[in-house]
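Colleague: Hi! Could you walk me through this model, with a little reasoning behind each reply?

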Amino acid sequence: MFFAFLETACRIYENLKPQPEDLAFMSSPVSIMQPHPYLAYATNPDYPEHNRLGFREPPDSRTADEGIRVVCIGGSTTYGTRVRAHESYPQILEEILLQKHKQLPISVINAGTAGYASHNILGQLAFKVIPLKPAFVIIDLGHNDVWNHALFPNSSSDNTHAQKVWNSSYTGRRWWRKSAFLDKLAWHLGHPPESPPHIHAVCWNTPAGDPAENLKQSDLTSLKLNFISLLAIARAHNCVPIVCIQPSDFQNHPGDPIIRDGMQQAAEILADLTRKNNVALLDLRPHMNNKPDLFADYLHLNAQGEQTRAELIGELLTSLASWKELTLDAPAP
């Protein structure tokens, strides 16, 4: 009875005290991820904010084939690092589309995963997104390819120069950590809980070499090849690809100028290939670049920035002939 009293008191105290929320690591600890045999890692279906596929969706999110489905793929800028789940642009985009087409069943799925570059996204699209039969796929990439090729030497087309097999000793919370009283007692005895490591420490090699030289040597060749494959896979499955060029705010937030220059190089590659392949392109930079009220850091958007991005994507998507044709023909629920 004494232990039950202490446990109840500790739980009440924990629930009443203000809980700090670190939005800087909303998507990076390994507790949010799990090993994957060919994607290196994937989002964990058992994480509270994820659905059964591991996507950042409510656990009971719609999975039926009916209706118009839009899937957003990319890295942390799609997943929504630095914002809460309901503030991420895919969820806002769904609300915008449902407001515009109240009579139609429309769903927007967040298939973004922090750290994913074009080689990861390629596997994500082919094996996890295409089975959902999306009508449109919004592709958001660039920064992570640049990061992988700038920070690691000896560039390889499969990215093994940067990524490695999942390696972590982190086992999650011990059983006795589930007790508020025993957890507090352990803290006072000098045994704080182990913090989940960053995904970069688990699935990446140690950065090495000169970033400028590494990037020059790579020439972002794998980005070019993977991007062409992404477009081909989407179109082969009657899915309309829409490509976004990522915005940034190096002017007001700390960031590596080599990464900035690399993102410009990646943007030129994406613009050239979308033009040659007649793919819809939304360059977010003229609308959002170097506007500190939209950014949480040099790359990731805050809630206001996510809202702005969702509105811009919604405008482009609903202006496409393929969208108008589909929404006219779609049956009402």
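Colleague: Which element gives the largest share of the lining of the second largest pocket?

Modeller: Happy to help! This is a predicted model, where local features need pLDDT of at least 70, side-chain atom pairs count only at pLDDT 80 or more, and totals for chains, interfaces and linings use all residues. Residues are numbered from 1 along each chain as its sequence is written, and side-chain values use heavy atoms, with hydrogens and water left out. On a 1 Å grid over the protein atoms alone, a pocket is an open set with protein on both sides within 12 Å along at least five of seven lines, a cavity is a set of points where a 1.4 Å probe fits but cannot get out, and lining residues have an atom within 4 Å of a point. With 4 residues, the largest share of that lining comes from α5.

Colleague: Which residues are closest to the centre of the second largest pocket?

Modeller: The second largest pocket holds about 370 Å³ of space (the space filled by probe spheres set on grid points, which are joined across faces, edges and corners). Of its 21 lining residues, the closest to the centre are S76, T81, H198, H200 and H300.

Colleague: And which element gives the most to the lining of the largest cavity?

Modeller: The count comes to 1 cavity of 30 Å³ or more, and about 70 Å³ of space lies in the largest cavity. Among the 14 residues lining the largest cavity, those closest to its centre are G75, Y116, H143, N144 and Q246. The most, 3 residues, comes from α5.

Colleague: How far apart are the end C-alpha atoms of helix α10?

Modeller: Helices are DSSP runs of H or I, at least four residues, and strands are runs of E, at least two, numbered from the N terminus. The expected span is 1.5 Å times one less than the number of residues, so the 20 residues of α10 (residues 257–276) should span 28 Å. In agreement with that, the end C-alpha atoms are apart by 29 Å.

Colleague: On which side of α10 are R275 and K276, and are they buried or exposed?

Modeller: Buried means under 20% relative accessible area, exposed over 50% and partly exposed in between (1.4 Å probe, protein chains only). The buried residues of α10 are I259, G262, M263, A266, A267, I269, L270, L273 and T274. They cover an arc (of directions from the helix axis to the C-beta atoms) of only 165 degrees, so they sit on the same side of α10. R275 and K276 lie on the other side, and both are exposed.
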